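Here are a few exercises to help you find your way around a structure you haven't met before. Try each task on your own, then read through the solution.

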Amino acid sequence: MLLLNNYSNKIILLAETHKNLGLVLVKNKLLDEALSHFRSSLDLVERNYSNRHLLYSKLLNNIGIVFSEKENYEEAKIFYQKSLDLKISLLGNFHPIVAN
């Protein structure tokens, strides 16, 4: 069990690192690189946990930010909506993360 938890923690840390790199790249307007890191993180979370994880929702939101920055608002809206729907599904309508 300890081995599983250790592996699980490493996967989350790797996914979080890709997410954080993506955020820095967005701030530096390196949007394609940011998108690549967000997608890598999204893939790690989906393959190791599922697409029903709060980190997955954050990544969908971050991908929406990239598309907003690229002025591709229709694509951004799709990712923002997926992120919101997942948050509501996981936490309910009245959780502070969803209500804000």
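**Exercise 1: a bridge between a loop and a helix**

Lys70 and Asp32 are joined by a salt bridge, with 2.5 Å between the closest N and O atoms. Your task: work out which parts of the chain this pair ties together.

Solution. Start with the ground rules: this is a predicted model, where local features need pLDDT of at least 70 and side-chain atom pairs count only at pLDDT 80 or more, while totals for chains, interfaces and linings use all residues. Residues are numbered from 1 along each chain as its sequence is written, and side-chain values use heavy atoms, with hydrogens and water left out.

Step 1: check the term. A salt bridge needs a side-chain nitrogen of Lys or Arg within 4 Å of a carboxyl oxygen of Asp or Glu.

Step 2: place the two ends. Lys70 sits in the loop between α3 and α4 and Asp32 in helix α2, so the pair ties together parts that are 38 residues apart in sequence. (Helices are DSSP runs of H or I, at least four residues, and strands are runs of E, at least two, numbered from the N terminus.)

Step 3: look at the surface. Buried means under 20% relative accessible area, exposed over 50%, and partly exposed in between, using a 1.4 Å probe and protein chains only. Lys70 is partly exposed at 35%, and Asp32 is exposed at 55%.

**Exercise 2: two more salt bridges**

Your task: for the salt bridges of Lys29 with Glu69 and Lys19 with Glu16, say where the partners lie.

Solution. Step 1: the structure holds four salt bridges. In the one between Lys29 and Glu69, the closest N and O atoms are 2.6 Å apart. This pair links distant parts of the chain, with Lys29 in the loop between α1 and α2 and Glu69 in helix α3, 40 residues apart. Lys29 is exposed at 54%, and Glu69 is partly exposed at 36%.

Step 2: Lys19 and Glu16 meet at 3.3 Å, N to O. Both lie in helix α1, three residues apart, about one turn of the helix. Lys19 is buried at 12%, while Glu16 is partly exposed at 25%.

Step 3: see what else Lys19 touches. Leaving aside neighbours within four places in sequence, its contacts (heavy atoms within 4.5 Å) are Phe38, Ser41, Leu55, Leu59 and Asn62.

**Exercise 3: the ring pair**

Your task: find out how the rings of Phe67 and Phe79 are arranged.

Solution. Step 1: rings of Phe, Tyr and Trp (its six-membered ring) pair if their centres lie within 6.5 Å; planes under 30 degrees apart count as stacked, over 60 as edge-to-face and the rest as tilted.

Step 2: the structure holds one aromatic pair. Phe67 and Phe79 are stacked, at 5.6 Å centre to centre with 20° between the planes. Phe67 belongs to helix α3 (residues 54-69) and Phe79 to helix α4 (residues 73-91), so the pair ties together parts that are 12 residues apart in sequence.

Step 3: check burial. Phe67 is buried at 9%, and so is Phe79, at 8%.

Step 4: look around Phe79. Not counting residues up to four places away in sequence, Gly64 touches Ala76, Phe79 and Tyr80. Gly64 is itself buried, with a relative accessible area of 0%.
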